[in-house]
Amino acid sequence: MILSWNEIRRRAIEFSNEWKNEKKENAEAKSFWNDFFNVFGIKRRRIASFEEPVKKVGEKLGFIDLFWRGMLIVEHKSRGKNLDKAYSQAIKYFEGLRESELPKYVIVSDFNNIRLYNLEEGETNEFQLKDFIDNIHLFGFIAGYNQKKYIDEPPVNIKASELMGKLHDALKDNGFYGHSLGVFLVRVMFCLFAEDTGIFERGDFTEQIEKNTREDGADLGSLLINIFQILNTPINRRQKNLDEKLWVFPYVNGKLFEEKLDIPYFNAETRKILLDCCYFDWSKVSPAIFGSLFQAVMDKEKRSEIGAFYTSEKNILKCIKPLFLDKLYNEFHNQIRNRIRLEKLIDKITNLKFLDPACGCGNFLIIAYRELRILQLKIYKQIYRLMGISGQMTLDINILTRCIDVDSMYGIEKEEFPSRIAQVALWLIDHQMNMEMSQEFGEYFIRLPLRKTANIIIANALTLDWMKINSEKDFNFIFGNPPFIAKHKRNIEQNNDMSMICEKIKGYTVLDYVCAWYVKAIDYIHGTDTEVAFVSTNSIVQGEQAGILGEYFLYKNIKINFAHRTFKWNTELKNDAQVYVIIIGLSYSNRTNKTIFDYISPDSESLEIRVKHINIYLLNQEDNIIKNRNRALCDVPEIKFGSMPNDKSYLLLTDEEREKLLSIEPKAEKWIKPFISAYEFLHNKTRWCLWLDSAKPSEIKSMPEVLMRVELVRDYRLSSKRAATVKLAKYPYLFGEIRQPDDDYILIPRHSSELREYIPMEFKSKYEIVSDSCCFISRGTLYHFGVLTSSMHMAWVRQICGRIKSDFRYSNKLVYNNFPWPRDVAKNNILGIEELVLRLLETRNEFSDESLSDLYDPVLMPKKLREIHGELDLAVEACYRRKSFKSEMDRINFLFALYKNYLNDEKKIK
């Protein structure tokens with residue numbers, strides 16, 4: 001087991017005194033390094049070898065003075081020799097090593113001087129032997145102590161998951177799969193962590209594989225199953241004639257090794273893969289992050305999208321800090337000089353209960369647990385200061401028993417494998433925090449055998465009664481990242497879940513799947529002090545969903561306490577998943593201090609805004625629910641959808657099809673018109689349609705190719721299962737729904753990328769047939785165009801419109817008809833906007849060979865075009881008020897207030 005820091009310091013002093021006069025490399029170097037490792041309670045021969053042969057490129061066979069695979073190379077010289085040359089010699093050995101064998105540290109020494117290179121951090125430390133005691137902390141990695149930096153380290157976690165992925169594939173290809181494979185890999189993961197973090201003696205697990213199994217791997221599976229059995233057997237119940245080399249493994253308990261498994265069969269290659277896993281430093285891996293990646297490697301199809309499974313610790317903290325962690329830290333700082341109240345705060349934290357009802361591999365629970373342990377350690381340190389104790393603190397067993405334990409963490413997970421990972425990962429983070437406490441107090445502490453277990457329940461969270469999970473009392477905090485899944489992607493089971501949970505909510509079918517967790521949580525916390533925070537897609541606070549969910553919040557008297565407006569739920573990896581999310585923190589009881597975290601852009605850092613109220617749109621506004629309107633709130637031209645063919649494309653033509661038809665039926669040219677859908681409009685494509693609304697029967701009959709297409713439309717509509725489509729078969733020569741304007745119009749694509757600063761719009765001729773994938777405003781003016789393509793209108797769009805994936809879904813009834821246009825605008829302001837719109841359209845014409853999709857690319861938008869848009873933005877804003885708007889939220893707050901005023905005016909008139 002790991003030595004306490006007090007014991008390590010004592011041994012370090014003895015070591016320095018023992019070797020202070022040694023000079024000769026060859027005579028005593030090996031004894032020097034054996035004693036060096038003994039300072040940390042490690043037997044050198046278990047983990048490292050002397051004179052390891054390595055073939056360097058283009059050179060003779062070389063010999064590393066001391067080699068610990070995957071961790072350390074030591075080059076030792078006689079006293080007074082050049083340590084720079086020693087380091088250069090050590091680096092040359094890298095050429096002959098496998099990737100998994102490359103070290104993280106290099107030590108060079110001449111007895112009197114010791115220089116440590118931390119290759120991962122890029123740090124170098126040098127000191128004399130007499131100062132070893134003052135630098136002992138630099139070598140904590142040898143004993144298993146690691147100064148963990150709580151930042152996102154995706155490369156380390158990715159590497160670890162890739163290693164496990166290789167092992168998974170090799171075993172599965174050999175026929176070892178399913179439940180047994182999942183349990184086996186989780187156990188191996190525990191052993192790898194245990195060896196590098198002090199649960200096991202350093203090198204014990206690796207040594208068993210290296211030295212006690214054949215190179216062909218034939219007996220490796222049996223050895224591992226035997227080790228698992230030993231880990232599940234109390235010391236006093238083990239057989240007396242057990243191999244003494246296996247006695248070193250502790251009794252773990254926790255039911256982790258209880259189930260009996262079939263023996264997995266290894267070969268030489270699979271054994272090598274497992275050894276590569278052993279040589280990796282697992283102490284650097286975050287149990288929180290690795291769990292999700294580990295789950296991903298179990299599915300080869302998902303493995304290529306591994307970034308989607310990586311949730312950064314930074315993003316998790318965005319949820320748990322404002323939910324409970326900030327409040328606890330404030331309480332700590334407010335009572336920092338009151339020892340009695342600090343003692344009570346320790347006990348308060350220990351008695352808290354947490355639930356993640358969609359816990360997956362436990363990411364949120366693990367980070368929450370870790371942060372609470374860190375806070376408790378800080379409180380204990382302050383208590384010691386108040387007691388007048390300085391220097392090395394003494395470990396009191398009462399301190400350890402009063403710390404929060406993993407049984408305070410509850411999770412619900414539908415799948416077995418991630419739930420097992422979550423349980424083990426919580427043990428591992430508990431051990432890491434015990435190690436941190438051990439470093440602070442100088443005494444080694446480990447909770448073995450495991451007596452308490454995280455409460456991870458394998459079940460469907462939406463069908464499970466949460467009241468029965470924690471029989472003692474209500475949970476204090478509920479949080480997590482439930483599955484998003486839009487309505488059109490739900491399967492039958494998920495639709496049934498929605499029906500069961502949300503049936504009391506009118507219009508619930510349009511809600512994303514994640515809303516079921518909100519409804520379930522709201523019902524659970526009603527009348528309690530429990531607080532909730534969920535990560536969600538931003539679509540639930542936009543469009544129709546916001547109105548439906550918002551009304552349920554109001555009905556249940558739910559308060560929003562904090563909110564992160566839209567930000568990118570990034571993975572900080574290349575080609576990471578583009579997911580835009582919000583976080584909502586809510587409760588039944590009302591917080592007096594509320595916070596909105598706003599973002600200038602989805603990738604930026606948040607701006608913290610203190611407010612008195614937060615509505616469903618995550619704004620500091622009253623609870624106005626914006627619903628569909630059949631008529632515009634303001635005096636503006638009517639907006640409609642375009643025409644829908646409902647023809648299986650028989651009435652539609654590509655350029656090639658048009659030319660072919662005209663070569664056969666020249667008379668058809670009269671009836672062929674440009675057809676504009678959102679895609680063609682945005683990407684500068686051409687398409688055509690047969691527009692036969694005024695064609696006589698004889699004229700259609702005189703064109704056999706056209707008649708054939710009409711008959712195909714009739715057959716298609718008659719074969720439909722929809723009665724309305726069958727009815728349309730009576731008029732197969734017409735579009736299914738005709739809404740073509742009789743005047744020129746402004747065209748607005750209904751679907752457009754949310755990455756664009758502006759939705760591209762354009763004036764079109766009445767002779768150009770507009771598709772139902774677009775909206776149109778007949779008789780719209782240059783002024784209307786200018787307002788609609790301004791930052792004011794886009795702020796409203798981003799907040800109110802619905803989404804298809806992450807793209808805008810422009811709505812006539814929800815977005816346009818509710819938009820608060822400026823009133824009583826001066827004629828000069830209107831003329832100024834019209835002039836800018838003309839300049840804008842002229843500038844677009846200069847790039848006529850470019851598509852609007854490219855012109856409005858957020859990165860590549862031409863400077864001249866962007867500048868004119870900027871001028872137009874200011875001109876439109878001036879129609880609303882003289883004072884300039886500082887931000888998107890400033891615009892939105894103004895528009896919502898204006899919307900409320902317009903509604904009040906409307907009520908007065910009625």
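For sorting residues here, Ala, Val, Leu, Ile, Met, Phe, Trp, Tyr, Cys and Pro count as nonpolar, Asp, Glu, Lys and Arg as charged, and the others, Gly among them, as polar. This is a predicted model, where local features need pLDDT of at least 70, side-chain atom pairs count only at pLDDT 80 or more, and totals for chains, interfaces and linings use all residues. Residues are numbered from 1 along each chain as its sequence is written, and side-chain values use heavy atoms, with hydrogens and water left out.

**View 1. The whole protein, with its 32 helices and 26 strands.** Helices (H or I, at least four residues) and strands (E, at least two) are DSSP runs, numbered from the N terminus. Along the principal axes, the C-alpha atoms fill a box of roughly 110 × 70 × 55 Å. Of the 910 residues, 57% count as buried; buried means under 20% relative accessible area, exposed over 50%, and partly exposed in between (1.4 Å probe, protein chains only).

**View 2. Trp-466 in the largest nonpolar core.** A nonpolar core is a set of buried Ala, Val, Leu, Ile, Met, Phe, Trp, Tyr and Cys residues joined through side-chain atoms within 4.5 Å. This one has 117 residues, and Trp-466, Ile-748 and Tyr-810 touch the most other members. Skip the neighbours within four places in sequence, and Trp-466 is still in contact (heavy atoms within 4.5 Å) with residues including Leu-355, Phe-475, Trp-517 and Tyr-524. Apart from this core lies another, of 113 residues, with Val-186, Leu-223, Phe-417 and Trp-427 among them.

**View 3. Inside the second largest pocket.** What counts as a pocket or a cavity? On a 1 Å grid over the protein atoms alone, a cavity is a set of points where a 1.4 Å probe fits but cannot get out, and a pocket is an open set with protein on both sides within 12 Å along at least five of seven lines; lining residues have an atom within 4 Å of a point. Grid points are joined across faces, edges and corners, and a volume is the space filled by probe spheres set on the points. The second largest pocket holds about 1100 Å³ of space. Tyr-599, Ile-600, Ser-601, Arg-798 and Glu-888 are the closest to its centre, out of 46 lining residues. That lining splits into 22 nonpolar, 10 polar and 14 charged residues. Its largest share, 6 residues, comes from H32.

**View 4. The largest cavity, lined in part by helix H17.** About 70 Å³ of space lies in this cavity. Among the residues lining the cavity are Phe-190, Trp-427, Asp-430, His-431 and Arg-447. Helix H17 (residues 416-441) gives the most, with 4 residues. Sorted by type, the lining has 6 nonpolar, 2 polar and 2 charged residues.

**View 5. Leu-220 in helix H9.** Is Leu-220 buried or exposed? Leu-220 counts as buried because its relative accessibility is 0%. Not counting residues up to four places away in sequence, Leu-220 touches Ile-209, Thr-213, Phe-266, Arg-271 and Leu-274.

**View 6. Two loop residues with a positive phi, Ile-485 and Ser-649.** Most residues other than glycine have a negative phi. Ile-485, though, has a positive phi of about 40°, and sits in the loop between strand S10 (477-480) and helix H18 (492-502). For Ser-649, phi is about 70°; this residue lies in the loop between strands S16 (639-641) and S17 (652-653). Ile-485 counts as partly exposed because its relative accessibility is 25%, and Ser-649 is partly exposed too, with a relative accessible area of 39%.
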